[in-house]
Amino acid sequence: MARPVKKPIEQWEKEILDAAQKFFITKGFEETSISDIMEAVGGAKGMFYRCFKSKEEVMNTLSKRMFLEKNPFELVKKRTDLNSLQKIRELLLIDRSDKERNELNMQAISILKDPKILAAAIEANTKTLTPLWFELLEEGRKDGSIQTEYAKELSELLPLINFWLMPSIYPATTEEILHKYQFIVEVLSKMGLPIWDNKSEFMSEKILSEISSKRRE
């Protein structure tokens with residue numbers, strides 16, 4: 001058994017997250033054990049439980065960390081060469097292009113079957129993303145690139161869309177998921193928010209197909 005090394009708890013947390021991220025992406029969430037993670041960082045299981053309640057909590061913490069490290073909203077916020085609608089399209093491309101985070105999100109699909117984890121994920125998403133969406137939408141209304149009277153409602157709706165498209169929450173075939181996606185594209189466009197262009201649509205459809213395939217594995 002590995003002997004615990006004296007380190008600050010914050011260092012243990014970081015090393016556990018770093019190791020878990022590598023395992024979840026290369027080996028898969030379900031296939032990764034707490035023992036795998038602690039063996040990689042040179043600690044005992046007891047140390048894991050001092051830092052995290054469960055492997056699911058590690059996954060949730062990782063998802064938040066990866067978003068904050070490459071927050072697409074922050075990356076486009078200071079772009080003076082883009083209007084608000086262009087910023088939204090750019091942040092969608094940045095988000096869809098993050099292969100590591102997309103893979104981690106796909107690994108997290110299975111744990112969202114747990115109602116408590118799903119509720120916590122929805123709360124975290126809305127709390128973090130709604131203000132960011134609202135700021136961009138209001139900016140778009142001011143610069144004229146977004147024509148909508150529903151900035152508040154859309155900012156509350158947008159963080160929930162990904163959950164509606166997840167087959168682990170709303171069972172659906174690949175064709176049904178893509179059809180739902182096209183429905184969202186059309187609805188948002190009619191609400192004055194044509195945020196998907198051809199490139200982002202292609203990337204989104206590719207990811208949705210991969211999510212559907214992941215569910216069948």
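## Overall architecture

The secondary structure of the protein chain comes to twelve helices and zero strands, and the order along the sequence is accordingly α-α-α-α-α-α-α-α-α-α-α-α. The model is a predicted one, and what follows describes that model.

Of the 217 residues in the chain, 45% count as buried. When contacts between residues at least 6 apart in sequence are considered, 66% of them join residues at least 24 apart.

## Helix α1 and its surroundings

Helix α1 covers residues 9-26, and its 18 residues should span 26 Å at 1.5 Å a residue, which agrees with the 26 Å that separates its end C-alpha atoms. After the helix comes G28, a residue whose phi is positive, near 105°.

The buried residues of α1 are W12, I16, L17, A19, A20, Q21 and F24. In general, an α-helix has 3.6 residues a turn, so residues three or four places apart point the same way. The cover over the buried residues of α1 includes α2 (34-41), α3 (45-51), α4 and α7 (99-107).

A19 is one residue of helix α1 that can be followed in detail: its relative accessibility is 10%, and it therefore counts as buried, the cut-off being under 20%. Leaving aside residues up to four places away in sequence, A19 touches I37, A40 and V41. A19 and M38, which are 19 residues apart in sequence, have their C-alpha atoms 8.3 Å apart in space.

## Packing of α1 against α4 and α7

Two packed helices are described by the angle between their axes and the distance between the axes. For α1 and α4 the angle is about 90° and the axes are 10 Å apart; since angles of 65 to 115 degrees count as roughly perpendicular, α1 and α4 are therefore roughly perpendicular to each other. On the α1 side the contact is made by K14, L17, D18, A20, Q21 and F24, and on the α4 side by K55, V58, M59, T61, L62, R65 and M66. By character, the residues of this contact of α1 with α4 divide into seven nonpolar, two polar and four charged.

The axes of α1 and α7 come within 9 Å and cross at roughly 75°, so this pair, too, is described as roughly perpendicular. The contact involves Q21, F24 and I25 of α1 together with E100, E103, L104 and Q107 of α7. Its residues divide into three nonpolar, two polar and two charged. Q21 and F24 belong to the contact with α4 and also to the contact with α7, and both residues are listed among the buried residues of α1.

## Packing of α4 against α8

Helix α4 (residues 55-69) and helix α8 (residues 115-143) have axes that come within 12 Å and cross at roughly 10°. Because angles under 35 degrees count as roughly parallel, that makes α4 roughly parallel to α8. The crossing in which α4 passes α8 is right-handed.

The residues that make the contact are E56, N60, K64 and F67 of α4, and I117, A124, T128, L129 and L132 of α8. They divide into five nonpolar, two polar and two charged.

## Individual positions in α6 and α8

D95 has its place in helix α6 (residues 84-97). Is this residue buried or exposed? With a relative accessible area of 16%, D95 is buried. Not counting residues up to four places away in sequence, D95 touches P72, R101 and N102.

Two residues of helix α8 can be set beside D95, namely P131 and K142. P131 counts as partly exposed, at 46% relative accessibility, and its C-alpha atom is separated by 9.2 Å from that of K152, a residue 21 residues apart from P131 along the chain. K142, with a relative accessible area of 74%, is exposed, and the C-alpha atoms of K142 and S84, which are 58 residues apart along the chain, are separated by 9.1 Å.

Note on methods:
Residues numbered from 1 in each chain as written. Predicted model: local features only at pLDDT ≥ 70, side-chain atom pairs only at ≥ 80, totals over all residues. Heavy atoms only, no water. Axes fitted to C-alpha atoms, helices over the stretch in contact; angles between N-to-C directions. Helix = DSSP H or I, 4+ residues; strand = E, 2+ residues; numbered from the N terminus. Parallel < 35°, antiparallel > 145°, perpendicular 65-115°, else oblique. Left-handed = near helix turned anticlockwise from the far one by under 90°. Contact = heavy atoms within 4.5 Å. Nonpolar A, V, L, I, M, F, W, Y, C, P; charged D, E, K, R; others polar. Expected span 1.5 Å × (residues − 1). Buried < 20%, exposed > 50% of the residue type's maximum accessible area, 1.4 Å probe, protein only.
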